[in-house]
Amino acid sequence: MSLVVELRQYTLHPGARETLIELFEREFVTGQQAVGITLGGRFRDLDDPDRFVWLRAFPDMVERRRSLEAFYGGPVWREHRDAANATMVDSDDVLLLQGPGFTPAPGTREVLATICHPASDAATFDTYAARHLRPEHAVHRTEHAENDFPQLPIRTGEDVCVWFGLAEPPSWSHQHLRLEPVTG
């Protein structure tokens, strides 16, 4: 099943990551789930102590907008937004994707996420994926729909593929994120 997925990478003020994680796990997980948002993996970036990475998913763009309006217009965000925003330098590094979503298996200590800008020929990526990626890699590709909730910016104008787990590195531009799952 393909979902609309946000891969969100937050840059935080030095030393603020644990404050945000505690608030997020205590208030924002159930607060988002209550309005129909599916929360995926939540991670500490192992190479950047001031980065928090997380995923959330929606059945489609219509439900994304409805759920985001409900959450960001609702009481949980209203009560805790100032505390959350005080931890953040930047929350706009967001990729809007199509894919299965991703939550690491219980007990997982580290996850490798790969974000790549594949060669311009989609068939080249498809050939790479067929050779090196399996269903457990949870492959995601750019969702090209217009962001109909502009209060939360997303990165635009680029095509990316994202997957989780070890694989032969692609020959084109890519970035690896070494991530430690947050256990709530």
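Visitor: How many bridges join strand β1 to strand β4, and do the two run parallel or antiparallel?

Guide: Strands of a sheet pair through backbone hydrogen bonds, either parallel or antiparallel. Here strand β1 (residues 3-12) is joined to strand β4 (residues 88-99) by nine bridges, and the two run antiparallel. Two strands count as paired if DSSP finds at least two bridges between them, while the elements themselves are DSSP runs numbered from the N terminus, helices being H or I over at least four residues and strands E over at least two. One bridge partner of this pair can be named, since Leu3 has Gly99 of β4 opposite.

Visitor: Where do these coordinates come from, and which atoms enter the values?

Guide: The model is predicted, so that local features need pLDDT of at least 70 and side-chain atom pairs count only at pLDDT 80 or more, whereas totals for chains, interfaces and linings use all residues. Residues are numbered from 1 along each chain as its sequence is written, and side-chain values use heavy atoms, with hydrogens and water left out.

Visitor: In what order do the eight strands close into a barrel?

Guide: The order is β1-β3-β2-β8-β5-β7-β6-β4, with antiparallel pairing. Neighbouring strands of this sheet are turned against each other by 35° on average, direction ignored; axes are lines fitted to C-alpha atoms, for helices over the stretch in contact, and angles run from 0 to 180 degrees between N-to-C directions. Within this order, β1 is joined to β3 by eight bridges in the antiparallel sense, and Leu7 stands opposite Leu55 of β3. Strand β2 (residues 38-45) pairs with strand β3 (residues 51-58) over five bridges, again antiparallel, with Arg56 in β3 as the bridge partner of Leu39, and a hairpin of five residues joins β2 to β3. On the other side of β1 in the listed order, β4 pairs with strand β6 (residues 140-142) over two antiparallel bridges, where Leu97 has Thr142 of β6 as its bridge partner.

Visitor: Which residues point one way from β3, and which the other?

Guide: In a regular strand the side chains alternate between the two faces of the sheet. In β3, Arg51, Val53, Leu55 and Ala57 point one way and Phe52, Trp54, Arg56 and Phe58 the other, and all are buried. Buried means under 20% relative accessible area, exposed over 50%, and partly exposed in between, with a 1.4 Å probe and protein chains only.

Visitor: At what angle do the axes of helix α1 and helix α3 cross, and which residues make the contact?

Guide: Helix α1 (residues 17-33) and helix α3 (residues 75-86) have axes that come within 11 Å and cross at roughly 165°. The two helices are therefore roughly antiparallel, given that angles under 35 degrees count as roughly parallel, over 145 as roughly antiparallel, 65 to 115 as roughly perpendicular and the rest as oblique. Contact, meaning heavy atoms within 4.5 Å, is made by Leu20, Leu23, Arg26, Glu27, Phe28 and Gly31 of α1 and by Val76, Trp77, His80, Ala83 and Ala84 of α3. Of the residues in this contact, seven are nonpolar, two polar and two charged, where Ala, Val, Leu, Ile, Met, Phe, Trp, Tyr, Cys and Pro count as nonpolar, Asp, Glu, Lys and Arg as charged, and the others, Gly among them, as polar.

Visitor: Is His80 buried or exposed, and which residues does His80 touch?

Guide: His80, placed in α3, counts as buried because its relative accessible area is 10%. Not counting residues up to four places away in sequence, His80 touches Leu23, Arg26, Glu27 and Phe28.

Visitor: How far apart are Gln175 and Ile115, in sequence and in space?

Guide: Gln175 and Ile115 are 60 residues apart in sequence and 5.2 Å apart in space, C-alpha to C-alpha. Gln175 belongs to strand β8 (residues 174-181) and is partly exposed because its relative accessibility is 36%. Leaving aside neighbours within four places in sequence, Gln175 is in contact with Gln9, Ala113, Thr114 and Ile115. In the loop between β3 and α2 (61-72) lies Asp60, which is 57 residues from Leu3 in sequence and 6.3 Å from Leu3 in space, C-alpha to C-alpha.

Visitor: What is the phi of Ala138, and where does Ala138 lie?

Guide: Most residues other than glycine have a negative phi. Ala138, although not a glycine, has a positive phi of about 50°. Ala138 lies in the loop between α4 (122-132) and β6, and counts as buried because its relative accessibility is 5%.
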